[in-house]
Amino acid sequence: MSPLIGLPLSLLAGVAIPSQARVNGALGERLDDGLAAALVSFVVGLVVMVIISLALPRGRAGAGQLIPSLRERRFPRYYVLAGMIGGYFVLSQTLTVAVLGVAVFTVAAVAGQTLTGLVVDRLGIGPAGKKALTMMRVVGAVLTIAAVAWAVSPKLSGGSEPSEWLLPVLLPLTAGMLMSFQQAMNGTTGMHYGTPITATLVNFIAGTVLLAVMWGIKVAVSGAGNPLPGEWWLYLGGPLGCIFIGVGALLVRSLGVLLTSLGLIGGQLIGSLLLDIVFPAPGSVVVAATVLGTLLTLLAIVLATLPWNMPGGGPFRRRRTGTTGAGNVPSRNRNAAPKPPR
C-alpha cells in the first residue's frame, strides 16, 4: 500500500480513539455509572470480535492456536491479561473526559504512552526485541512532559484545588503508560497466534471479565445506575476500539511501525482537538495552551521516534577517531587486508 493511501488511513484510524473517548464519556453520564459504560463498551467490542473471528478464516485459524500457544508456553501466560489494561484505559475515558475534555485526555494518554515506550523498547518486551535508548527518544520524552504541563495548565491556573484536577489527569496518564506494555504484549501474542485478530479477541475477553467483576462489586455496594439509553451511537465505543487496533495491524505490514505509529498518534491529537472545537463537551474549553500543548506533544512524539545513532558506536558514545596516544597520527587499520607474501 502506498504511503499516500496508508498515512491518511492511519490518521482516520487514530481519530477513532478520541471519538471513543467522547462516546464512552457521554454513555457514562447517561448511565450515571462510569464502570457500567466501560463494561458496555467492552461487551459490544467483544461481540464484534467474536463475529469477525468466526467469519474470517484467519480468525478461526488464530483461535485454534490459542490453547496450543498457552499449553506450549510460547509466551508468558500472563500476557493474555493484557486486555485488562485496555479495560482500565476505557474506564479512565468514562471518568475523566467530561472533566478534562477530549484534547487534554488524549495529550495525557499519549504522553504516558511515549514515556513508558522508552522502557518497553529498552527491556525488549515486544516482538521487535531491545531497542537502543537514543538521544532523540530522551529529548522527545522531556518535551512530552512539558507538553502535558502546558496543555493542562488552564486546569491548574483556574484557582481549583489539586484534588479537582490531579486525579483526572493522572488517570489517562497512567492508562497511557500501561498501554505501551499492552501493545508489546499484544504484538508478541499476535505473532504466536498467527493473526492480531485473536490477540484482539483475547484482549476484549480479559477486559470484559475485569470490568464485569468491578461493576458487580460496585452494584453490590451502591446499586446500579440508570437504565441503558436508546441512542444507537452511544454503543459505538467498542467498534471504534476494534477499528483502531485492526487498521493499525493492517498498515504495519506496508508502512512499517514508525509511519503507522506516527499516523495513528497524529490522528488522535488532531481528532481530539476537532471534537473539542466542533462538538465541545459541557465544561470543556479549548484555549491556546491546549492547542499549543497538543502541537508540542506531536512534535515530541516525532522526535522520540527518530533514530539518532552516532556513527561509529552507540547512541551516546563519541566516535573514536582512530588516533594513537599523541598527535593526530592515524593508527594501524586492523581490518585491512594482509600483504601478499613475497
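Here is a short walk through one helix pair, one aromatic cluster and a glycine in this structure. Keep in mind that the model is predicted.

Let's start with the helices. Two packed helices are described by the angle between their axes and the distance between the axes. For helix α6 (residues 83-100) and helix α11 (residues 196-222), that works out to an angle of about 55°, with the axes 7 Å apart. That angle makes α6 oblique to α11. As for handedness, the crossing of α6 past α11 is right-handed.

Which residues do the meeting? On the α6 side, look for G83, M84, G87 and L91, and on the α11 side for N203, A206, G207, L210, L211 and M214. Sorted by class, the contact of α6 with α11 has six nonpolar residues, four polar ones and no charged ones. Gly counts as polar here, so G83 and G87 of α6 and G207 of α11 go into that polar group.

Now step back along the chain to the loop between α5 (66-71) and α6, where F75 sits. How many aromatic pairs does the model have? With ring centres within 6.5 Å as the rule, the count is five. One to look at is F75 with Y193: the ring centres are 5.7 Å apart and the planes stand at 90°, so this pair is edge-to-face. Since Y193 belongs to helix α10, the pair ties together parts that are 118 residues apart in sequence.

Are the two partners buried or exposed? F75 is buried, at a relative accessible area of 4%, and Y193 is buried too, at 3%.

Y78 and Y79 make another aromatic pair, also edge-to-face, at 5.1 Å centre to centre with 75° between the planes. These two tyrosines have contrasting surroundings: Y78 is exposed, with a relative accessible area of 51%, whereas Y79 is buried, with 8%. The cut-off for exposed is over 50%, so Y78 at 51% falls on the exposed side of it. Put the rings together and you get one aromatic cluster made of F75, Y78, Y79 and Y193.

Helix α10 (residues 162-193) has one more residue to visit, G187. G187 is partly exposed, with a relative accessible area of 27%. Try finding A199 from there: G187 and A199 are twelve residues apart in sequence, and their C-alpha atoms are 8.1 Å apart in space.

How values were computed. Residues numbered from 1 in each chain as written. Predicted model: local features only at pLDDT ≥ 70, side-chain atom pairs only at ≥ 80, totals over all residues. Heavy atoms only, no water. Axes fitted to C-alpha atoms, helices over the stretch in contact; angles between N-to-C directions. Helix = DSSP H or I, 4+ residues; strand = E, 2+ residues; numbered from the N terminus. Parallel < 35°, antiparallel > 145°, perpendicular 65-115°, else oblique. Left-handed = near helix turned anticlockwise from the far one by under 90°. Contact = heavy atoms within 4.5 Å. Buried < 20%, exposed > 50% of the residue type's maximum accessible area, 1.4 Å probe, protein only. Phe/Tyr/Trp six-rings, centres within 6.5 Å; stacked < 30°, edge-to-face > 60°.
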